[in-house]
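This report is meant for someone meeting the structure for the first time. It goes through a few regions in turn, and it is best read with the model open alongside.

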Amino acid sequence: MNYREWSIRKRMLLVAALPTLAAVLMLSLFHLSERWQGIHQNRDAMVSLLLENIAAAAEYPIISGNYELLSPLIHSVLQQPDIIAVTITNPEGEVLLQHLDQHYPQVNNDDIFLRQFAMQRTVQPYDEYAEYAEDIDVKNSTQLFAIIELSLADTFTRQHELSIAWQSALVGLLVMFAGLSIAHLTAFNIVSSLRSLAFFFTGLAEGKFSRRLPVDNGAEIGQLQLNANSLAASLQRAEAEQQEFTDKLLSEQKKTQRANHAKSEFLAMMSHEFRTPLNGALGALQLMEGNNDIGAFADYKSMAENSLLHLSQLLEDVLVVVDVEKNTLPLSVAEHKLPDALAELTSSLAAAAMQRGLSLVVQYDEALKRMPVRTDVALIRQVVRHLVDNAIKFTNEGFVIVEVGLGEVDLNEVDAARLTIQVTDTGIGIPDHQKQSVLNAFAQVSSSFNREYEGMGLGLTITHHITTLVGGSLTLQDNASGGTRVVAEFPVLLTPLSAASEAQISRAFRVLVVEDNPVNLKVAEKMLQKSFQRVIVDSVCSGEACLEKMTADEFDLVLMDCHMPGLDGFETTRSLRSAGHITPVIACTANTTEQIHQRCQHAGMNDFIAKPLKIDTLRTVLPRWL
């Protein structure tokens with residue numbers, strides 16, 4: 001029968017029997033071992049004492065030859081139950097005296113064992129000159145003159161051991177019986193209470209929540225009865241509250257279904273948005289393979305670059321949407337002049353506005369033209385791109401004005417300020433009842449590919465998420481002349497222009513590129529050669545090769561990929577620093593989280609460049625360390 005199917009009474013009896021049996025066995029074995037060992041020790045001690053007494057009394061009778069003087073002593077020795085014979089022999093083995101016990105003939109020879117005692121005496125040699133020559137060294141000698149031998153039988157010892165074993169077994173059985181009796185009585189008392197509890201819980205399972213158990217026990221059983229009554233009361237209250245919670249759950253379920261539907265539409269729309277620029281880039285690259293004149297080649301190249309730029313922007317947007325769920329945003333803070341950092345973006349936006357017949361005006365504070373700010377310029381570009389792209393998309397005629405300036409200055413921090421980005425358009429505007437909903441993720445996504453306005457429709461959602469997580473704000477206002485005014489604020493730090501960032505490299509220098517991807521390695525080499533006229537580029541594809549190269553040659557700078565098989569960029573940099581190399585190491589990776597920045601600093605890297613590489617970034621960062 002399976003143990004899991006046993007009743008509680010059987011289990012308790014088993015639980016009581018097994019430890020009791022184990023304890024009885026261990027104690028009985030220990031008791032037997034101690035008693036048996038004591039019997040043998042006492043016997044050995046008695047034999048040694050008898051041999052010494054016989055030896056002390058037998059010296060004169062043996063020397064004189066009057067052996068009968070030992071008869072009374074030997075007869076008393078034979079009265080001991082283990083001793084069956086006493087024999088005294090001379091050194092040559094001749095028997096001088098032997099007495100046997102009356103039971104000696106019945107004893108098996110295999111059960112007989114001997115104990116001997118050698119009798120020795122000191123002999124002083126005779127020297128006729130000893131009286132006159134006291135300085136002569138005369139040594140005494142010992143002489144063996146008899147051997148006392150006791151014959152012992154194990155019969156009595158075995159009988160004694162067997163008697164002790166029976167006594168231990170009897171005591172063990174009594175202990176086992178007492179333990180099982182106590183366990184049986186205890187199990188009977190517990191099982192009756194547990195049986196009533198089982199019936200009570202069966203009633204609860206059937207929905208009979210009004211019943212209550214009488215509390216007739218103390219300690220754990222009584223507490224279990226109280227808890228069972230409390231459970232019944234709780235279930236009774238829960239049954240009353242169930243309907244209310246059911247209504248709420250149905251409501252939340254509908255919200256979840258709407259959110260899942262919106263996300264499904266977002267994924268379908270995103271697939272379309274990604275395939276559009278991807279198709280443009282692949283098509284332009286295929287057209288570039290033919291025989292084209294310079295103008296056509298430049299057009300195809302521009303088409304491929306614009307498509308890939310659009311694809312990169314879509315990827316950035318998707319990553320931010322993912323961060324909405326995690327409520328985190330990785331930052332890469334560095335020093336930038338915003339007019340220069342946003343120049344390429346505003347130029348492309350101006351071209352898009354011109355295609356729709358709109359005027360795009362971009363204005364910067366004079367302070368921003370003179371003074372750089374410390375911020376994540378990628379996020380600034382993303383915000384400006386979304387706000388201006390929305391304004392152009394929803395404006396059929398008129399203008400779009402972008403104003404970038406410094407707002408209030410934090411009095412607690414001298415260099416702290418608020419960067420304000422204000423985008424004003426003359427478009428269709430946003431109704432008041434929709435101003436909050438357009439900031440919610442997936443709320444305004446449309447899955448129709450024939451919709452009037454292209455794009456993912458998440459521009460304001462992404463912008464609101466970015467500004468909130470960096471400690472800023474986003475507000476929507478109505479333009480007095482029609483349209484919408486969107487104001488985004490960011491906390492930034494004002495810093496004086498770094499002299500290193502404006503320095504020009506006037507000498508030839510050597511750069512070692514460490515990159516495991518062959519395509520990225522080739523791109524980095526060509527970008528470096530295009531960015532600087534006097535640069536010598538060498539490259540390796542692993543951290544181990546980098547260590548060997550740095551040992552053999554000297555370089556002015558190392559461009560290090562962080563994630564490589566084998567030794568990654570962090571381990572390689574630590575090894576370089578441990579070896580005493582002080583060459584500047586610039587990290588180059590697609591992971592731009594704050595944790596990666598900290599790992600780069602702890603590994604001993606000097607600066608950080610995010611992938612994909614850009615020529616302008618190389619021209620800005622490398623001069624700082626050259």
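A good place to begin is a pair of helices, where Leu345, Leu349, Ala352 and Ala353 of α7 are in contact with Arg381, Val384, Arg385, Val388 and Ile392 of α9. Helix α7 covers residues 343-355 and helix α9 covers residues 377-393, and their axes come within 11 Å while crossing at roughly 10 degrees. Since angles under 35 degrees count as roughly parallel, α7 and α9 are therefore roughly parallel to each other.

## The chain as a whole

The model is a predicted one, and its protein chain contains 16 helices and 16 strands. Of the 626 residues in the chain, 36% count as buried. When contacts between residues at least 6 apart in sequence are considered, 70% of them join residues at least 24 apart.

## Strand β9 and its partner

Strand β9, which spans residues 416-425, has nine of its ten residues buried, so it is largely enclosed by the rest of the structure. It is joined by nine bridges to strand β11 (residues 484-494), and the two run antiparallel. Within this pairing, Ile421 stands opposite Ala488 of β11. Arg418 also belongs to β9, and its side chain reaches the backbone oxygen of Gly471 at 3.3 Å, while a polar contact of 3.5 Å links the side chain of Arg418 to that of Glu489.

## The five-stranded parallel sheet

Further along the chain, five strands form an open sheet in the order β13-β12-β14-β15-β16, with parallel pairing. Strands β13 (535-540) and β16 (607-610) are its edge strands, each of them pairing on one side only, and the twist from one strand to the next averages 20 degrees. Between β12 (residues 509-514) and β13 there are six bridges in the parallel sense, and Phe509 has Val535 in β13 as its bridge partner. Helix α12 (residues 518-531) packs on the sheet, where it touches β12 and β13, and its direction makes about 170 degrees with that of β13.

At the other edge of the sheet, Ile609 is found in strand β16. Is Ile609 buried or exposed? With a relative accessible area of 1%, Ile609 is buried, because residues under 20% count as such. Leaving aside residues up to four places away in sequence, Ile609 touches several others, among them Leu559, Ile586, Ala587, Cys588, Leu618 and Val621. Thr589 is another residue that Ile609 touches, and although the two are 20 residues apart along the chain, their C-alpha atoms are separated by 6.9 Å.

## Helices α13 and α14

Helix α13 occupies residues 543-552, and Gly543, Cys546 and Met550 are buried in it. Seen down the axis of α13, these buried residues fall within an arc of 45 degrees, so they line one face of the helix. An α-helix has 3.6 residues a turn, so residues three or four places apart point the same way. Glu548, Thr551 and Ala552, on the other side of α13, are exposed. The elements that cover the buried residues of α13 include β12, β13, β14 and α14.

Helix α14 (residues 569-578) has Gly569, Phe570, Thr572, Thr573 and Leu576 as its buried residues. Viewed down the axis of α14, they fall within an arc of 165 degrees, so they too line one face of their helix. Helix α14 lies across β14 (557-561) and β15 (585-589), and it runs at about 150 degrees to β14. Just after α14, Gly580 takes a positive phi of about 95 degrees.

At the start of each of these two helices, a side-chain oxygen reaches towards a backbone nitrogen, as set out below.

| Helix | Residue giving the side-chain oxygen | Residue giving the backbone nitrogen | Distance |
|---|---|---|---|
| α13 | Ser542 | Ala545 | within 3.2 Å |
| α14 | Asp568 | Phe570 | within 3.2 Å |

Terms used: Residues are numbered from 1 along each chain as its sequence is written. This is a predicted model: local features need pLDDT of at least 70, side-chain atom pairs count only at pLDDT 80 or more; totals for chains, interfaces and linings use all residues. Side-chain values use heavy atoms; hydrogens and water are left out. Buried means under 20% relative accessible area, exposed over 50%, partly exposed in between (1.4 Å probe, protein chains only). Helices (H or I, at least four residues) and strands (E, at least two) are DSSP runs, numbered from the N terminus. The arc is that of the directions from the helix axis to the C-beta atoms. A polar contact is a pair of N or O atoms within 3.5 Å; within protein, one must be able to donate a hydrogen and the other to accept it, and residues adjacent in sequence count only if both atoms are side-chain atoms. Two strands pair if DSSP finds at least two bridges between them. Axes are lines fitted to C-alpha atoms, for helices over the stretch in contact, and angles run from 0 to 180 degrees between N-to-C directions. Contact means heavy atoms within 4.5 Å. Angles under 35 degrees count as roughly parallel, over 145 as roughly antiparallel, 65 to 115 as roughly perpendicular and the rest as oblique.
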